Amino acid sequence: MTVILDGKALANKMQANLANEVADWKSKGYRIPKLVVILIGEDSASKVYVKNKEKSAQKIGFHSVVRRLDESVSEAELLDIIAEYNQDETVDGILVQLPLPKHIDEENVLLAIDPKKDVDGFHPLNVGKLFVGDPDMHPCTPFGIITLLKEHNIELVGKKVVIIGRSNIVGKPLMHMMLNEDATVTITHSKTKNLKEETLTADVLVAAIGQAEFITSDYVKDGAVVIDVGMNRNSDGKLVGDVDFADVLPKVSAITPVPGGVGPMTITMLMEQTMYQGRKHCGEESHDNK
Ligand SMILES: Nc1nc(=O)c2c([nH]1)NC[C@@H]1CN(c3ccc(C(=O)N[C@@H](CCC(=O)O)C(=O)O)cc3)C=[N+]21
């Protein structure tokens, strides 16, 4: 029987737990965690994502601030605004929505965010901590994937994981998280020769390619677990993943849908990490974020 790895359901459950925790905090008179999302310009996809983050934060009961900046904002102005939130002791998490306008250097921006407020896990210090196997803040999409697999008791120790995609936000951090789980990891990408030969060896196949329904059943081993990180709009505006879900479904043991798989988990891990920092900033006992 094929298991549908329902990210939406787990996201709802985890966010309800966070809401209970925040309510409990309120009753104890603690300061409520605050998340600041900085959105630059008018990119419509970014606006939708930011809206979803704001909705989740509000549902949980966090203080949620969306700081909207004009497309023309200079890098220096943006760095000043980040510095302001770094210094603000009521702010637990800061996220600058990517991608940035071309005139702003992404690395400078990611370096400017206090690593202790870096709920995206993109600061080089947090990236380095993950690299050496001592993670603190994790990138949310791969963290969500690991959390979803663990919820379904999918064994990773000694398993062959093949990741398609080498981005800094998905492929590379997921490689480290999978290594930390004792999986054997292969990263493939657009220049990989004989991609199918690689993917057919995967016990767990992760598709982060950016091409609608690229992965068909001939790429997938019988009984594999398939994780679809893709977010593509087809011609009728419908959201489709990188995996041809209907074609692959009969062959796999478990699979994430799009929508309702990895996406809602990404947002949930952002909320979890905001709570994690909130607990620490409020002097509560440090909490496990592993
Ligand atoms: N600094 C930064 N951090 C991010 O985490 C970040 C970012 N920049 N830039 C853009 C990407 C994209 N991203 C998504 C999160 C949730 C869904 C999501 O919830 N998707 C829903 C569907 C949403 C819909 O219908 O459009 C689902 O899969 O079910 C999608 C995409 C976070 N990102």
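**Exercise 1.** In which sense do strand β5 and β6 pair, and over how many bridges?

*Solution.* The model is predicted. Strand β5 covers residues 160–164, and its pairing with β6 is parallel, with five bridges. One of the residues that fixes the register is K160, whose bridge partner in β6 is T184. Next, place the pair in its sheet: six strands form an open sheet in the order β1-β11-β8-β7-β5-β6, with parallel pairing. β6 (184–188) is an edge strand of this sheet, as is β1 (3–4), and each of them pairs on one side only.

**Exercise 2.** Determine which strands helix α7 touches and how the helix is directed relative to β6.

*Solution.* Helix α7 spans residues 171–180 and packs on the sheet, where it touches β5, β6 and β7 (204–207). The direction of α7 makes about 170° with that of β6. Beyond the helix lies D182, which has a positive phi near 70°.

**Exercise 3.** Establish why α7 is described as largely enclosed by the rest of the structure.

*Solution.* First, identify the buried residues of α7: G171, P173, L174, M175, H176, M177 and M178. A residue counts as buried when 20 or more other C-beta atoms lie within 10 Å of its own. Second, compare with the length of the helix: seven of its 10 residues are buried, and α7 is therefore largely enclosed. Third, name the cover, which includes α5 (124–131), α6 (140–151), β5, β6 and β7.

**Exercise 4.** Describe the pairing of strand β2 with β4 and the environment of the two faces of β4.

*Solution.* Strand β2 (residues 34–40) pairs with β4 in the parallel sense over four bridges. Within this pairing, L35 has G93 of β4 as its bridge partner. For strand β4 (residues 93–96), one side carries G93 and L95, and the other carries I94 and V96. These four residues are all buried, and both faces of β4 are covered.

**Exercise 5.** Characterise the packing of helix α1 against helix α10.

*Solution.* Two packed helices are described by the angle between their axes and the distance between the axes. Here the axes of α1 (residues 7–28) and α10 (residues 262–281) come within 8 Å and cross at roughly 20°. Angles under 35 degrees count as roughly parallel, so α1 is roughly parallel to α10. The crossing is left-handed. Contributors from α1 include L10, M14 and L18, while those from α10 include M265, I267 and M271. By class, the contact comprises 10 nonpolar, four polar and three charged residues.

Technical notes. Residues are numbered from 1 along each chain as its sequence is written. This is a predicted model: local features need pLDDT of at least 70, side-chain atom pairs count only at pLDDT 80 or more; totals for chains, interfaces and linings use all residues. Two strands pair if DSSP finds at least two bridges between them. Two residues are in contact if their C-beta atoms, placed from the backbone, lie within 7 Å. Axes are lines fitted to C-alpha atoms, for helices over the stretch in contact, and angles run from 0 to 180 degrees between N-to-C directions. A residue is buried if 20 or more other C-beta atoms lie within 10 Å of its own, exposed if 12 or fewer, and partly exposed in between; C-beta atoms are placed from the backbone. Angles under 35 degrees count as roughly parallel, over 145 as roughly antiparallel, 65 to 115 as roughly perpendicular and the rest as oblique. A crossing is left-handed if the near helix is turned anticlockwise from the far one by less than a right angle, and right-handed if clockwise. Ala, Val, Leu, Ile, Met, Phe, Trp, Tyr, Cys and Pro count as nonpolar, Asp, Glu, Lys and Arg as charged, and the others, Gly among them, as polar.
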